[in-house]
Amino acid sequence: MRPAPASRIATARSTGTAHRIPPSPADSDPGSGLDSVSGLDSGPGPSPASDPASDPDRQPTARRFAGVATMIGSGLSNQTGAAIGSHAFPVLGPIGVVAVRQYVAAIVLLAVGRPRPRSFTWWQWRPVVGLAVVFGTMNLSLYTAIDRIGLGLAVTLEFLGPLCIALATSRRRADACCALVAAAAVVTLMRPRPSADYLGMGLGLLAAVCWASYILLNRTVGRRVPGAQGSAVAAGLSALMFLPVGIAVAVHQPPTASAVAYAVTAGVLSSAVPYLADLFTLRRVPAQAFGLFMSVNPVLAALVGWVGLGQNLGWTEWTSIGAIVAANTLSILIRRG
């Protein structure tokens, strides 16, 4: 992976959810003709319009429509998976659900990345191990926050991670204004009130810190390890770290078949499906469009939590979520304009 500003990484990788390790467009093969940032065709090889069997006017539109449809499906799959996984909390607890999710993510990424860890040097292993720790901590803190404060608020607080990375790399006054808007929204969300769960909110902010660290570490891993091998090994290490946890949970409270099914479904919908969907999407839509759509994930999470889990939010929470989404959207549009 070539060095890239953290803001571009945050834009191309903001995945609502850091529940998964998304594919990096910069991990694509340099010889494949894919742009290392946007994932769009840019190198040698025939373009869609040069195919005599294709319609030069309809092909780009069809590709973009397919990309947008896939982004919508990926976002809904990610948040729906988190909602379904929450049904296993009474039996497995958040830590048990996260353990199962780590196993599913490892299986998918190891199958796709096909890493060769024996060839890694210590210089390559260091960021990979850090990425594994951050990945596990990020998912655990997020799922525990979901259990305490609900899906919408937890994902919104987690989303501050990539937003801060994007804003911290800019010196524009408009970005400073965006940061103030986001900060005001967070203060509003965490305002003192009798029903406030500050531990849950703190865990959401911890997930945000982990997501920001994940973005920076993923950039380093991508520069030092070819292809998707680094992310695959990190997912495998994270799954190994959670193996004793999974055994302890199973021994302490034997899981029911339905709880395991919920957890596995969460892993598939929030790890496997979004990973494959992003591989498809980043080759059909610009990175800017991808980043803008990912900004809507807190809204999707709030809607899924409301419809699927009955987690109602007041107008203050909805306004704060909208302000954070608007701050990120405006920041991307200004930077890309």
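**Figure 1. Ser238 in helix α9 of the predicted model.** In this predicted model, Ser238 belongs to helix α9, which covers residues 229–252. Ser238 has a relative accessibility of 0% and is classed as buried. Its side chain forms a polar contact with the side chain of Gln102, at 2.5 Å. When neighbours within four places in sequence are set aside, the residues in contact with Ser238 are Gln102, Ala132, Phe135 and Gly136. Gln102 thus appears both in the polar contact and in the list of contacting residues.

**Figure 2. The protein as a whole.** The protein contains 13 helices and zero strands. Its pattern along the sequence reads α-α-α-α-α-α-α-α-α-α-α-α-α. Of the 337 residues in the protein, 50% are buried. The exposed surface amounts to about 14400 Å², and carbon and sulfur atoms supply 67% of that area. Among contacts with a separation of 6 or more, 86% join residues 24 or more positions apart.

**Figure 3. The largest nonpolar core and a second core.** The largest nonpolar core comprises 64 residues. Tyr143, Ile146, Leu151 and Ile324 have the most contacts inside this core. Helix α4, residues 122–149, gives the most to the core, contributing eleven residues. A second core, separate from this one, has nine residues, including Ala106, Leu109, Ala272 and Tyr275.

**Figure 4. Surroundings of Leu151.** Leu151 is one of the residues with the most contacts inside the largest nonpolar core. Residues up to four places away in sequence are not counted in the following list. Leu151 touches Gln79, Ala82 and Ala83, together with Ile146, Ala301, Val304, Gly305 and Gln311. Ile146, which is in this list, is likewise named among the core residues with the most contacts.

**Figure 5. Helix α4 and the residue that follows.** Helix α4 is made up of 28 residues. From its first C-alpha to its last, the helix reaches 40 Å, close to the 40 Å expected at 1.5 Å a residue. Just after α4, Gly150 adopts a positive phi of about 95°.

**Figure 6. The loop between α3 and α4.** Helix α3 spans residues 89–113, and Pro117 lies in the loop between α3 and α4. Pro117 is partly exposed, its relative accessible area being 32%. Apart from neighbours within four places in sequence, Pro117 is in contact with Trp125 and Val233. The C-alpha atom of Pro117 is 10.0 Å from that of Val225, although the two residues are 108 residues apart along the chain. Arg114 is also placed in the loop between α3 and α4. With a relative accessible area of 64%, Arg114 is exposed. The phi of Arg114 is near 45°, a positive value in a residue other than glycine. Most residues other than glycine have a negative phi.

**Figure 7. Helix α8 and its start.** Helix α8 runs over residues 198–224 and has 27 residues. The end C-alpha atoms are 39 Å apart, which agrees with the span of 39 Å given by 1.5 Å a residue. At the start of α8, a side-chain oxygen of Asp197 comes to within 3.3 Å of the backbone nitrogen of Leu199.

**Figure 8. Two buried aspartates, Asp175 and Asp278.** Asp175 is located in helix α7, residues 173–189. Its relative accessibility is 2%, so Asp175 counts as buried. The C-alpha atoms of Asp175 and Asn328 are separated by 9.0 Å, while the two residues stand 153 residues apart along the chain. Asp278 is located in helix α10, residues 257–281. Its relative accessible area is 1%, and Asp278 is therefore buried. Between the C-alpha atoms of Asp278 and Met71 the separation is 7.4 Å, with their positions 207 residues apart along the chain.

**Figure 9. Cys164 and Cys177.** Cys164 has a relative accessibility of 47% and counts as partly exposed. Cys177 has a relative accessibility of 48% and likewise counts as partly exposed. A disulfide is a covalent bond between the sulfur atoms of two cysteines. A search of the whole structure finds zero disulfides.

Terms used: Residues numbered from 1 in each chain as written. Predicted model: local features only at pLDDT ≥ 70, side-chain atom pairs only at ≥ 80, totals over all residues. Heavy atoms only, no water. Helix = DSSP H or I, 4+ residues; strand = E, 2+ residues; numbered from the N terminus. Buried < 20%, exposed > 50% of the residue type's maximum accessible area, 1.4 Å probe, protein only. Contact = heavy atoms within 4.5 Å. Areas by Shrake-Rupley, 256 points an atom, 1.4 Å probe, with all protein chains shown as cover. Core = buried A, V, L, I, M, F, W, Y, C linked by side-chain atoms within 4.5 Å. Disulfide = S-S within 2.5 Å. Expected span 1.5 Å × (residues − 1). Polar contact = N/O pair within 3.5 Å; in protein donor to acceptor, adjacent residues only side chain to side chain.
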